[in-house]
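Here's a quick tour for anyone opening this structure for the first time. Have a look around, then read on.

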Amino acid sequence: MTGRAPEMAHIARMARDAIEEWLNDYDGYRGTIVFTDENAERARSSPMVPLAPAETTRQEPSMESFLETDRLLLRRFTPHDVDNLVELDSDPEVMRFINGGRPTPREEIEDDVLPAFLAYYERFASYGFWAAEEKATGEFLGWFHFRPAKGAPPGEIELGYRLRKAAWGKGYATEGSRALIEKGFTDLRVERVVANTMVVNVASRHVMEKAGLKFVRIFYQEWPDKIEGDEEGDVEYALLRSDWERRT
Ligand SMILES: CC(C)(COP(=O)(O)OP(=O)(O)OC[C@H]1O[C@@H](n2cnc3c(N)ncnc32)[C@H](O)[C@@H]1OP(=O)(O)O)[C@@H](O)C(=O)NCCC(=O)NCCS
């Protein structure tokens, strides 16, 4: 009996690591599921492994609403959001800096994208992908993500967003981003917020700047799709808790 507890703890830790690995495989920024063959199979076939009670952060499914701003409601995605996501990703202008303008097939939304979004809620109460609705109309506008950055230290959270074209230019991306950042630094013990985009994605860079993030670096990495302007690389912006506290 005495050897069992450490053994169980080890198994639980390995299971958590495996889940974390594939949860992070949806790259919201470039909209790509970067599953390897091995973890794609695991993601599709493995049931969620329950976490140790003390570490469980799961909320009840009814707690859908996450955050409100003056004009926006950020809520959990549900299985009923397939059409919303298909429509969002069907606009070549929305997808221009994600994959060059290609719509995401419905099948991929149903089988990969939405399950990846929903899986976040099993692991984290307050991080993941949040559907954005316009409060005045109840219309689906798109999404924000606010989630542990891939391979980053604890306390580092990655901000991202994708909105329908009809919603652009109204300050919505800035409003949602600022609210998530404030929640992160006040409620969630976030230490650093980071965001990436293509150098040539001027709109996204402006949102980062208006939300208070500062330019960190330009970097180059391989992506599956060739996109006009990608030879200029990607840009990283970030905001530290200490800098945010100084500004507020
Ligand atoms: C990036 C995106 C979320 C911006 O959303 P938005 O709600 O229009 O952004 P905001 O209205 O908050 O605009 C923030 C600032 O950027 C500026 N801006 C927005 N779009 C711009 C554009 N195409 N060119 C130049 N500036 C732009 C705005 O004027 C605003 O600055 P201002 O208040 O000083 O005028 C939206 O364009 C989008 O969803 N694009 C497609 C998906 C995408 O590329 N996501 C980012 C991937 S990393």
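What follows covers the ligand's surroundings and then one strand with its partners.

## Before you start

This is a predicted model, so local features need pLDDT of at least 70 and side-chain atom pairs count only at pLDDT 80 or more, while totals for chains, interfaces and linings use all residues. Residue numbers start from 1 along each chain, as its sequence is written.

## Around the ligand

Start with the ligand: 22 residues surround it, where being near means a C-beta atom, placed from the backbone, within 6 Å. The closest are Trp-168, Ala-173, Thr-174, Ala-203 and His-206.

β7 (156-163), α6 (172-186) and α7 (202-210) each bring at least two residues to this shell, and α7 gives the most, with six. (Helices are DSSP runs of H or I with at least four residues, strands are runs of E with at least two, and both are numbered from the N terminus.) The shell splits into 11 nonpolar, eight polar and three charged residues. Here Ala, Val, Leu, Ile, Met, Phe, Trp, Tyr, Cys and Pro count as nonpolar, Asp, Glu, Lys and Arg as charged, and the others, Gly among them, as polar.

## Strand β8 and its partners

Now look at β8 (residues 192-198). Six of its seven residues are buried, so the strand is largely enclosed by the rest of the structure; buried means 20 or more other C-beta atoms within 10 Å of a residue's own, with C-beta atoms placed from the backbone.

β8 runs parallel to β7, joined by three bridges, and Val-194 in β8 is the bridge partner of Glu-158. With β10 (residues 234-240), β8 runs antiparallel through seven bridges; there, Thr-197 stands opposite Val-235. Strands pair when DSSP finds at least two bridges between them.

Methods
Buried ≥ 20, exposed ≤ 12 C-beta atoms within 10 Å, placed from the backbone.
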